[in-house]
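Student: I've got a model open and want to test the labels against their cut-offs. Can we go through it together?

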Amino acid sequence: MHADLSGKVAVITGGARGLGYSLATALAAQGVAVGLIDLLDGVSGSAATLARDHGVATASVQVDVTDAAALDAAFTELEAKLGTADILVTAAGITMWGDSVDVTTAAWNKVIGVNLNGTFFASQSFARRLLASGKPGSAIFIASMSGLIINVPQFQASYSASKAAVSHLAKSLAVEWAQSGIRVNAIAPGYFLSDMTRQFTTENPDLATQWTSTIPLGRMGEPEDLHGLTTFLASEASAYITAQTIVIDGGYTAL
């Protein structure tokens, strides 16, 4: 447990389900009030479940992270209900597969829009409020090992490019906001059994076997494997860590 997290406020994008919701539970278990942002209808139910299971204040807003104005309004709404966010986790993300020569402009822009633009817009809204109040904070971007290596056999150029950009964005903003006490880091997961990935691997067991065979630890990650690093980066235990991308992949990128 990180005692300094109790009473803090976190905003998590992509928080209705999957990795985003899992990381929200990790923070709520530390006594952090949680605001969830997601485009999915179920975001309000997820917030209610968090409040019931962990006894913390929660709130939610259904909004598209690619709409900067609407996203900023969502931060205003969450701030009114919970207070100024001390912690940001940007877990909203999508991927598309396909040969790059066939990728449409719309498909490319959608992936870049959610993964990169959505991360930037959320960090803008987060930092604006901290800078105005003079408070420190910690932003944690969910990048990917795909920003460092190329996944095979699937073709995901837009996803890999967007996640590489997320990692570099973390460095850029960390340096820009360092003197104001706002730290920015990224977590780069490897192959993780999120809700969507679990469904895909069930339908494509041969591909799941191929992925797992190249992971030194011999398994895909579970969402809980990200909890320790997330709460560490949110807390003052990591006060001297900023501008970093930390890979959690079971050793995959070491090969």
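Student: Which residue in S4 does Ala 10 stand opposite?

Tutor: Ala 10 faces Ile 87 in S4. Quick caveat: this is a predicted model, where local features need pLDDT of at least 70, side-chain atom pairs count only at pLDDT 80 or more, and totals for chains, interfaces and linings use all residues. Numbering starts from 1 along each chain as its sequence is written, and side-chain values use heavy atoms, leaving out hydrogens and water.

Student: How do you know that S1 and S4 pair?

Tutor: Two strands (DSSP E runs of at least two residues, numbered from the N terminus) pair if DSSP finds at least two bridges between them. Four bridges join S1 to S4 (residues 87-90), so they meet the definition, and they run parallel.

Student: What makes S3 and S7 edge strands?

Tutor: The open sheet has seven strands in the order S3-S2-S1-S4-S5-S6-S7, with parallel pairing. S3 and S7 (245-248) each pair on one side only.

Student: Why is the set with Phe 75 and Phe 126 called a nonpolar core?

Tutor: The term means buried (under 20% relative accessible area, 1.4 Å probe, protein chains only) Ala, Val, Leu, Ile, Met, Phe, Trp, Tyr and Cys residues joined through side-chain atoms within 4.5 Å. The largest such core has 35 residues, and Ile 37, Leu 71, Phe 75 and Phe 126 are among those with the most contacts inside it. Apart from it lies another core of 28 residues, including Ile 142 and Leu 226.

Student: What does Phe 126 contact beyond its neighbours within four places in sequence?

Tutor: Its contacts (heavy atoms within 4.5 Å) include Phe 75, Leu 88 and Ile 182.

Technical notes: Buried < 20%, exposed > 50% of the residue type's maximum accessible area, 1.4 Å probe, protein only.
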